[in-house]
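Hi,

Here is the structure I said I would pass on. Have a look at it first, and then read my notes below.

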Amino acid sequence: MAVVRLEHITKRFAGAAAPAVDDVSLIVEDGEFMVLLGPSGCGKSTTLRMIAGLEPISAGELWIDDRPMNRVPAKDRDIAMVFQSYALYPHMNVQDNLAFGLKRRGVPREEVQRRVQAAARMLGLADLLERKPHALSGGQRQRVALGRAIVRDPKVFLFDEPLSNLDAALRVRTRGELIQQHQRLGATMIYVTHDQVEAMTMGSRICVMNRGRVVQVGRPLEVYREPADTFVAAFIGSPPANLIAAEVAVADGAVAVRVAGRELVLPRHRSADLDRLGGRRVLVGIRPEDLKVTSPAAGANGAGLAARLVAVEPLGAETILVLAPDGLHEEILARVGPEVALRPGERVTLEPNLAAVHLFDPASTRALPRSGPQA
Amino acid sequence: MPARALLRTLLLVVLAGYTAFAAGPFVWVAMMSLRTTTEITADPYALPWPMHWGKYADAWFGSNYQTYFWNSTVVTVSAVALLSLLGAMAAYCLARYRFPGNRLIFFVIFSTIILPPQITIIGVFELLVEYGLYNTHLGLILVYVALQMPLTVYILESFFARMPQDLFDAARMDGYSDFEIFWRIALPIGLPAVATTVILNLIYIWNEFLFAVVLLTDDAKRTLPLGIQRFMGDHLDDNGMLATGLMIAVIPIILAYVFFSEKMIQGMTAGAIK
């Protein structure tokens, strides 16, 4: 049982104008894999370091299993951490790196040996125990760092961007290994990353942070499908969601968004709460995969936007189209299948899946309330 | 001859010239150490033939060299050990801890490096007399520690400052105290830099003459550089024995350099390549 509770946690660094972490509240349930996701400088690593006890908390309360932790030193929190640089002791071999924390805690020699051997077998390090870190590959070092945390058998595991130093292929493999380890150990894990793919694939839940604050907490698909604001819509998803300035128009009980002079009528179940917003300016968020690109003739039924194809970016499994809709200043992106016969410069029609669009308040950037089933 | 080969030859000539210039005096002294003063006076640059190896035994046993050698060893090893330990602790503290006045203290320590040591000699003399340390090895050791501390702290501070913070955080999470982290993590990792300071301090202190001649008066307490001076008379120098004495003095430094040089080069080039 290890529930981590953050209550209004704030961190102010001396001389900084704004707090690095600002009033963050979050509950990480027992056995949960919580991912703190956000861009560089958003406060996610500082939050993790405060949980670890490596950084003093300026305000707020940190609890682990209903025990206040603010004044408990790092070594007494029963937490293990895997660092971005792995932080392996370069003058010790793998065996000593794994055993270093246990020796300090007075664990009997035989027990240290048993745990080190067990972790080494679990992580495929049994043949590398005599090697020094400089003689290991990036993936092996990462596994040693994980092993050092595992042998401690802590209540909570913390990960600070542990995959960011690995190459792309190894990152995918190690990601899978980490997920397996979480399932095997069933421990509470808090994982910091700026990589949304890691967050989406690994997290039981994602906590999106921006400018020191929590923007949204939810299951990965929930965060992807129901972004709380324009930041989440643009940050999660690759390519990011398109954000287009529009105006809400209400006529005959139907709600439409007026984009570049064209009215796109929203399905009734998506517009139930929006009819009071008639005439209000909004930002329409459309994911690239929710845009259908057709020839001008096929889109002549009036449900689409005329656009010029600017660029075609084939990625193998899919193709990204860069489009310039008539009457709009910004370019928008669409994701289509691998085979595309279109060429840059051609005229096309864009048909958004109106059941999947998101509306945001341009002033607050927050999502406007919506109801009804998801597309 | 292609331009590349010509350039290579030119480079070799320059390097050979420089090597002869740098190593020549040493080789000459080494040759003289095996010749008598009479032979040297007759032909200063002749080859050492026959070789008088017995001169080494004469210098060692007949000229009190074993005492000077032992005194130099005690003073140098003690001073270098103190410098390495205290210097590493001070450097670690200045590199890894944020506290008011950190940079000021570092600046004050380091700024003393610009003062020529001769300036302090009268003050040091008075101080040692005052505290009963004049004409003692302990007094000389403390003076050497004070003299070499700025350079030691400067070299080690920059090394400790470059160590990644994650290492220290990891050790803290493993449950180690600040001193244990210094002793079990920072110091072993910093060994190349410590080796650099050891060799630099060793060479300086082993060869130091000025403070030794001012602060030691008993013949039984003298260090090697003062012992070598004994072969220099007011009217006639015993050049043969002088060379033998110099060679005896230089051998430990060469051995120490061979022992520490690999670590020292690691320390000097640390961070230069990933």
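Start with A:R213 and A:D22, whose side chains meet in a salt bridge, with 2.9 Å from N to O. A:R213 belongs to strand β10 (residues 213–218) of chain A and A:D22 to strand β2 (residues 21–28) of chain A, so this pair ties together parts that are 191 residues apart in sequence. In general, side chains of opposite charge can pair when their charged atoms come close. Over all chains, the count comes to 27 salt bridges. Do keep in mind that this is a predicted model.

Staying in chain A, here is a bit of strand pairing to look at. Strand β1 (residues 4–11) of chain A runs antiparallel to strand β4 (residues 59–64) of chain A, and five bridges link them. One place to zoom in is A:R5, whose bridge partner in β4(A) is A:W63. On to the next pairing: β4(A) is also joined to strand β5 (residues 67–68) of chain A, again antiparallel, by two bridges. A:W63 turns up here too, standing opposite A:P68 in β5(A). β4(A) and β5(A) form a hairpin with two residues between the strands, and in that hairpin A:D65 takes a positive phi near 50°.

Now zoom out to the domains. The domain assignment splits chain A into domain 1 (4–228) and domain 2 (242–360). Their C-alpha centres lie 40 Å apart. How many residues of each domain are in contact with the other? Five residues of domain 1 of chain A touch five residues of domain 2 of chain A. Between them the two domains bury about 410 Å², and carbon and sulfur atoms account for 45% of that. Across this interface there are zero salt bridges, but three residue pairs are in polar contact, both residues being at pLDDT 80 or more. On the domain 1 side, the residues touching domain 2 of chain A are three nonpolar, no polar and two charged.

Then there is chain B. What is chain B built from, in helices and strands? Chain B has 13 helices and zero strands, so to speak an α after α read along the sequence. Its C-alpha atoms fill a box of roughly 70 × 70 × 35 Å along the principal axes.

Finally, the place where the two chains meet. Here 23 residues of chain A are in contact with 15 residues of chain B. The size of an interface is often given as the accessible area lost when the parts come together. Between chain A and chain B the buried area is about 1,800 Å², with 60% of it from carbon and sulfur atoms. The two chains share three salt bridges. One salt bridge to look for is B:D174 with A:R152, where the closest N and O atoms are 3.8 Å apart. There are also 11 residue pairs in polar contact across the interface of chain A and chain B, both residues at pLDDT 80 or more.

Which elements of chain A give two or more residues to the side that touches chain B? They are α1 (44–52), β6 (79–82), α2 (94–104) and α4 (138–152) of chain A. The largest share, four residues, comes from α2(A). By class, this side of chain A has 11 nonpolar, five polar and seven charged residues.

Cheers

Note on methods. Residues numbered from 1 in each chain as written. Chains lettered and ligands numbered in written order. Heavy atoms only, no water. Contact = heavy atoms within 4.5 Å. Buried area = accessible area lost by both parts, 1.4 Å probe. Salt bridge = Lys/Arg side-chain N within 4 Å of Asp/Glu carboxyl O. Polar contact = N/O pair within 3.5 Å; in protein donor to acceptor, adjacent residues only side chain to side chain. Nonpolar A, V, L, I, M, F, W, Y, C, P; charged D, E, K, R; others polar. Pairing = 2+ DSSP bridges. Domains from an automatic or database assignment.
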